Amino acid sequence: MTGRRTRYAAVTAVALSVLFAAGAVTVASAEREEAPRTPDSASADAGFARDMSVHHQQAVEMSFIVRDRTEDPAVRRLAYDIANTQANQRGMMLGWLDMWGLPKVESGTAPMTWMGMPVTGDAAGKDGALMPGMATRTQLDALREASGKEAEVLYLRLMTAHHKGGVHMAEGCVQKCSVDIERDLAQGMVDAQESEIALMADMLRKRGATA
Amino acid sequence: MAANRSTSADRRARIEEMRRAEQARERRNRFLTIGVSAVVVLSLVGFGTFVLMKKSDEEDAKAAAAKAPISGEKSWDAAKLGRNHVETAVKYDMKPPVGGDHHPVWLNCDGDVYDKAVPEVNAVHSLEHGAVWVTYTKKAAEADVKKLKDKVSDTPYTLMSPVDDQSGAIMLSAWGKQVTVDSASDPRVDAFFTKYVQGKQTPEPGAACTGGVGADGMGGAGMGQ
């Protein structure tokens, strides 16, 4: 015959607090299980956006150089196409990083770590070739010095290697990236650059050279 | 009668005693019920609150780590830093300069390492394009300088050069931002790079670190832009 009101109040209070605790656990764990709305800094999405931006930037630079070194319309047109395409794609990738609130550089993390194949080693030995396919500073200087057919052949060779490295990295994103629009862009890079590799092989043949 | 009276008085006393005992038991039970349920309620509410706060703390910690100021970093109001292109000498308020009017041609900052002093008016233009500029004096240890040169040459949108008359032995600058670090392995080096290489402070995102002026003072493709 403990006061009935006391007992009601006690039972109600306990029941409400059980509901609150259960609710709190549900809210906290549900948010944890959900896929993150934006990629985090260690994701393939962020890693690819960062690394491919660097890779692309060199292709843009090489294309501007060769346009200053030859009058050949076919090579100048190809270089114009590559410079515009890759500068625009680079802007897309940097824009995504901005929208995801992620840095453009994760200092201390080797390139391509997101692919499970970090590029490490003696920095001096790399001479500016930070990732597979990239040209060294020495090779870029050689391109700046060359002119005419010599510059065209050098450009086509350097860009063929650049595209091969680029295709390989883009395939990594096609496999690992979680953002659809980014995976689609990566697949587009694979398709377009493979087709340009064939085109460049043809252009090299016409100049009596090979890749 | 006296016996009867005493018996009835005894019974009343016993009844009174039993009633008191009953009341005491009831009081005890009520305290027990209130006490136990209060403990249960408090612990459940406490647990629930803890779970929610832990969750939000984890999120706050992540957000805070990204935004945390770098210890010892100096900032200037970006709105007050000039951005005009001038071909005359410019007097800057800080050394090395972190912003202000500058030469029309940027200094190449594609991981470029300069062994000699560079013109400030060109380097400031590189900061406007999102570069981080590493500078050092003769007081900086040789091993630190070597390590920083390797790091800079591995990082597009950075550049490095000696500045003999700056206050710190090793300083890092970005547009409107500057920090003096103790050594090449100071964790603030990575933090500064991560935060400011093409970071939010960049007045002209997407602008180039190639095609400007190089160590030889010769302009590249973008000369004069």
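## Talking through the strands, helices and odd backbones

Modeller: Let's start with strand β5(B), where both faces are covered: I170(B), L172(B) and A174(B) on one side, and M171(B) and S173(B) on the other, are all buried. Keep in mind that this is a predicted model.

Biologist: What makes β5(B) largely enclosed by the rest of the structure?

Modeller: The burial of its residues. A residue counts as buried if 20 or more other C-beta atoms lie within 10 Å of its own. In β5 of chain B, residues 170–174, five of the five residues are buried, so the strand is largely enclosed.

Biologist: And what tells you which strands β5(B) pairs with? Take β3(B) to begin with: how many bridges are there, and in which sense, parallel or antiparallel?

Modeller: A pair needs at least two bridges. Strand β3(B), residues 132–136, and β5(B) have four, in the antiparallel sense. One of the partners is easy to find on screen: I170(B) in β5(B) is bridged to Y136(B).

Biologist: How many bridges join β5(B) to β6(B)?

Modeller: Five, and the two strands run antiparallel, with β6(B) covering residues 177–181. M171(B) has T180(B) as its bridge partner in β6(B), and A174(B) stands opposite K177(B). The hairpin of these strands has two residues between them, and G176(B) takes a positive phi near 75° there.

Biologist: Which residues cover the two faces of β3(B)?

Modeller: V132(B), V134(B) and Y136(B) sit on one side, with W133(B) and T135(B) on the other, and all are buried. That makes five of the five residues of β3(B), so β3(B) is also largely enclosed by the rest of the structure. The alternation fits the usual pattern: in a regular strand, side chains alternate between the two faces of the sheet.

Biologist: Why is the pairing in this chain B sheet called mixed, and what is the strand order?

Modeller: The order is β1-β6-β5-β3-β4-β2, six strands in an open sheet with mixed pairing. Here is an example of each sense: β3(B) and β4(B), residues 158–162, pair in the parallel sense over five bridges, whereas β3(B) and β5(B) pair in the antiparallel sense. In the parallel pair, W133(B) has L159(B) as its bridge partner in β4(B).

Biologist: What makes β1 and β2 of chain B edge strands?

Modeller: Each pairs on one side only; β1 is 74–75 and β2 is 110–113.

Biologist: Over to chain A. Why are α2(A) and α3(A) called roughly antiparallel?

Modeller: The cut-off is an angle over 145 degrees. Helix α2(A), residues 44–69, and helix α3(A), residues 73–99, pack at about 155°, with their axes 8 Å apart. That is past the cut-off, and therefore the two helices are roughly antiparallel to each other. Their contact residues divide into 17 nonpolar, six polar and four charged. The crossing of α2(A) and α3(A) is left-handed.

Biologist: At what angle do α2(A) and α6(A) pack, and how far apart are their axes?

Modeller: About 165°, with the axes 10 Å apart; α6(A) is residues 148–176. Set that against the cut-off of 145 degrees, and α2(A) and α6(A) are therefore roughly antiparallel too. Here as well α2(A) passes in a left-handed crossing.

Biologist: Now the odd backbones. What is notable about the phi of Y157(B)?

Modeller: It is positive, about 70°, although Y157(B) is not a glycine. Most residues other than glycine have a negative phi. Y157(B) lies in the loop between α3 (142–153) and β4 of chain B.

Biologist: How do you know whether Y157(B) is buried or exposed?

Modeller: Count the neighbours: there are 27 C-beta atoms inside 10 Å, and with the threshold at 20 or more, Y157(B) counts as buried. Compare D127(A), which has a positive phi of about 50° and is not a glycine either. D127(A) has 15 other C-beta atoms within 10 Å, so it falls between the limits of 12 and 20 and is partly exposed. Its place is in the loop between α4 (123–126) and α5 (137–145) of chain A.

Biologist: What makes the peptide bond from K95(B) to P96(B) stand out?

Modeller: This bond is cis, with omega near -10°. Most peptide bonds are trans. You'll find P96(B) in the loop between β1 and β2 of chain B.

Definitions and conventions. Residues are numbered from 1 along each chain as its sequence is written. Chains are lettered from A and ligands numbered from 1 in the order in which they are written. This is a predicted model: local features need pLDDT of at least 70, side-chain atom pairs count only at pLDDT 80 or more; totals for chains, interfaces and linings use all residues. Axes are lines fitted to C-alpha atoms, for helices over the stretch in contact, and angles run from 0 to 180 degrees between N-to-C directions. Angles under 35 degrees count as roughly parallel, over 145 as roughly antiparallel, 65 to 115 as roughly perpendicular and the rest as oblique. A crossing is left-handed if the near helix is turned anticlockwise from the far one by less than a right angle, and right-handed if clockwise. Ala, Val, Leu, Ile, Met, Phe, Trp, Tyr, Cys and Pro count as nonpolar, Asp, Glu, Lys and Arg as charged, and the others, Gly among them, as polar.
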